[in-house]
Amino acid sequence: MADFPTISDSESDSDHEDRVVSKRKSKSGGFQSMGLSKSVFGGVMRMGYRVPSPIQRKVIPIAMMGRDVVAMARTGSGKTAAFLIPLLERLVSHSTKVGVRGIILSPTRELAQQTMNFLIKLGKLTDLRGSLIIGGHNIENQFEALASNPDILVSTPGRLLHLLMEVTEFTLDLAEVIIFDEADRLFEMGFKAQLHDIMQRMPPARQTMLFSATLPRILIEFTRAGLRDPEFVRLDVESKVSPNLRLAFFAVRSEEKSAVLLYVCRQLIAKNKQTIIFTATRHHVEYIAGVLGAFGLPALPVYGTLDMDARQDNVAAFRAGKCQFLVVTDVAARGIDIPLLDVVINYDFPPKPKVFVHRVGRVARQNRSGNLEPCGGTFERCLTHALRRD
Ligand code: AMP
C-alpha cells in the first residue's frame with residue numbers, strides 16, 4: 001500500500017478554491033492557465049514540467065470538465081500526466097467515506113507499478129491515498145491496502161476482479177472515474193470480459209478516459225457501448241516515427257547476426273548510451289543477454305515469464321544506468337518506461353509496422369534527439385567503416 005503524504009494544514013482547506021494563478025496573469029496554453037488547485041499544480045512543478053505536452057494541453061481541460069475522453073497517444077507523449085492531473089483535480093482530497101473513487105487499469109504489472117510511482121510523485125502535495133492492486137504481489141497485503149480506504153486504485157484487471165469477488169465489502173459503488181491505459185493492449189491481452197465486468201460494477205454516471213496507441217474496431221465498439229459522448233483526441237498516432245530518429249538498417253546473414261550485434265554493441269554504441277534490444281522470444285532474450293554478458297557487456301533480460309521481482313530489479317538496474325543493455329520481448333517491454341533511452345535495436349524484425357513504431361518510440365522522446373554519434377562520427381560512417389575493415 002502506498003499512501004500519499006498528507007498536505008500541510010495551511011494548504012489543505014482552501015486548496016481547491018485557491019486557484020494557482022489568476023486568469024489575468026496566466027500564460028495561455030501553460031499549466032498555469034488550466035485552473036489547477038495549488039496542490040496539483042505544485043505536484044506538476046515538482047515533476048519539473050514547465051510546459052504541457054500536446055496531449056496534456058488537449059486532454060486536461062476536457063477531462064476537467066468531466067467529459068469522457070478517448071485519446072490516441074503513444075508512450076512518451078506525456079499521457080500518464082494527462083489522465084493523472086484531472087483525476088487528482090477531481091478527487092481533490094482524501095474522503096473518509098469508505099469506497100474507491102478513481103480506478104486506473106493497466107495491461108501489465110510493470111505499467112501499473114510505473115503509474116503508481118508517477119501518482120505518488122504527482123500527488124505528493126495532496127492527501128489522496130492510492131493503492132497498487134496487481135497480480136504477482138501478495139494478496140493479503142492487498143486486502144490490507146483496501147482496508148485502509150484508498151481513493152485511487154492502480155490495477156491490472158484480473159487482480160481487481162479477483163478482489164471484487166473475494167471481498168464482500170469491496171465494491172465500486174462510489175467509483176467516479178475509470179481510466180483505461182494502453183487500452184488496445186488491454187484488449188489484445190484478452191481482458192475484454194473483465195473490463196466489461198468492471199464497468200458494470202460502476203455507477204453509470206462515471207467519467208471514463210481511454211488512452212490507446214491505436215483504435216481497433218473492438219475498442220470503437222467498447223467506446224460506443226460504455227462511454228458517454230466521448231471527446232476524441234487524436235494528436236500523436238502511433239503510425240509515425242519521430243522525425244528526429246535516425247535509422248540504420250543492416251542486411252546480414254542469419255548466422256552472422258549475433259556477431260554483428262556484438263560488434264555494434266561493442267564498437268559502435270558509446271558506453272553511456274542506454275540501449276534496448278528487442279528479440280522475438282524469451283529464448284532469444286536469454287541467448288543474446290548471455291552472448292553480450294560473455295563478452296563483458298552488461299546486459300539484463302526481461303521477458304513475460306521471468307519472475308516478477310527479477311523483472312523489476314532488471315528494469316530498475318537499467319533505469320539507474322547500472323547496466324547499458326536491456327534485452328526484451330515485445331510483451332515484456334510494453335509498460336516499461338525508460339526516459340533516458342538512446343538506442344533501440346530490433347534484433348528480430350517486428351511482426352507488424354505498429355510494433356516497430358512502438359519499439360522505436362522509446363527514443364527521440366520529449367525533445368531527445370534520437371541521433372547516434374558514436375566514435376565521434378555518424379553511425380552509418382562508423383558502421384560502413386567497420387564492415388569494410390572486417
Ligand atoms: P508518458 O507518455 O506518460 O510515459 O511520459 C513520458 C515521459 O515524459 C515521462 O518521463 C514523463 O515524466 C515525461 N513528461 C510527461 N509530461 C511532461 C511535461 N509536460 N514536460 C516534461 N516531461 C514530461
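## A walk through the predicted model

Val92 is partly exposed, with a relative accessible area of 25%. That value falls between the 20% under which a residue is buried and the 50% over which a residue is exposed, which is why Val92 gets the label in between. Val92 sits in the loop that runs between H4 and strand S3 (102–105). Its backbone is worth a look too: phi of Val92 is near 65°, a positive value in a residue other than glycine. Please keep in mind throughout that this is a predicted model.

**A second positive phi**

Asn149 is not a glycine either, and has a positive phi of about 55°. You will find Asn149 in the loop between helix H6 (139–147) and S5. Is Asn149 buried or exposed? Its relative accessible area is 10%, so Asn149 counts as buried.

**The chain as a whole**

Stepping back, the chain has 390 residues, and 52% of them count as buried. The fold is made up of 16 helices and twelve strands. Among contacts in the chain with a separation of 6 or more, 73% are between residues 24 or more positions apart. The chain has an accessible surface of about 18,100 Å², and carbon and sulfur atoms hold 52% of that surface.

**Nonpolar cores**

In soluble globular proteins, nonpolar side chains tend to be buried together. Here the largest nonpolar core has 39 residues, and Val59 and Ile85 have the most contacts inside it. Several elements give two or more residues to this core, among them helix H2 (38–46), helix H3 (54–64), strand S2 (69–73) and helix H5 (109–122). Strand S5 (152–155), strand S6 (177–180) and strand S7 (207–212) also give two or more residues, as does helix H4 (79–91). Which element supplies the largest share of this core? That is H4, with eight residues.

If you would like to look at Ile85 up close, show Phe31, Leu36, Val40, Val44, Ile60 and Leu122 alongside it: Ile85 touches each of these, not counting residues up to four places away in sequence. Another core lies apart from the largest one, with 29 residues that include Ile103, Leu146, Leu153 and Phe180.

**Around the ligand**

There are 16 residues around the ligand, and those that come nearest are Tyr49, Gln56, Gly76, Gly78 and Thr80. By class, this shell has five nonpolar, eight polar and three charged residues. Three backbone positions in a row along the chain place a polar atom by an oxygen atom of the ligand. The table lists them.

| Residue | Protein atom | Ligand atom | Distance |
|---|---|---|---|
| Ser77 | backbone N or O | oxygen | 3.1 Å |
| Gly78 | polar backbone atom | oxygen | 2.8 Å |
| Lys79 | backbone N or O | oxygen | 3.3 Å |

How much of the ligand does the protein bury? Taken alone, the ligand exposes 490 Å², and the protein buries 85% of that area.

**Three buried polar or charged residues**

Arg359 belongs to helix H15 (residues 353–360). Its relative accessible area is 1%, so Arg359 counts as buried. Which side chains make polar contacts with the side chain of Arg359? One is the side chain of Asp330, at 2.8 Å, and another is the side chain of Asn346, at 2.7 Å. Leaving aside neighbours within four places in sequence, the residues in contact with Arg359 are Phe278, Asp330, Val344, Asn346, Asp348, Phe349, Pro350 and Pro351.

Asp342 lies in the loop between helix H14 (330–333) and strand S12 (343–346). With a relative accessible area of 16%, Asp342 falls under the 20% cut-off and is therefore buried. A polar atom of the Asp342 side chain lies 2.8 Å from the backbone nitrogen of Gln274. Asp342 and Val363 are 21 residues apart in sequence, yet their C-alpha atoms are 5.7 Å apart in space.

Ser131 is part of strand S4 (residues 129–133). The relative accessible area of Ser131 is 0%, so Ser131 is buried as well. Ser131 and Ser148 are 17 residues apart in sequence, with 9.2 Å between their C-alpha atoms.

Conventions:
Residues numbered from 1 in each chain as written. Predicted model: local features only at pLDDT ≥ 70, side-chain atom pairs only at ≥ 80, totals over all residues. Heavy atoms only, no water. Near = heavy atom within 4 Å. Polar contact = N/O pair within 3.5 Å; in protein donor to acceptor, adjacent residues only side chain to side chain. Areas by Shrake-Rupley, 256 points an atom, 1.4 Å probe, with all protein chains shown as cover. Nonpolar A, V, L, I, M, F, W, Y, C, P; charged D, E, K, R; others polar. Core = buried A, V, L, I, M, F, W, Y, C linked by side-chain atoms within 4.5 Å. Buried < 20%, exposed > 50% of the residue type's maximum accessible area, 1.4 Å probe, protein only. Helix = DSSP H or I, 4+ residues; strand = E, 2+ residues; numbered from the N terminus. Contact = heavy atoms within 4.5 Å.
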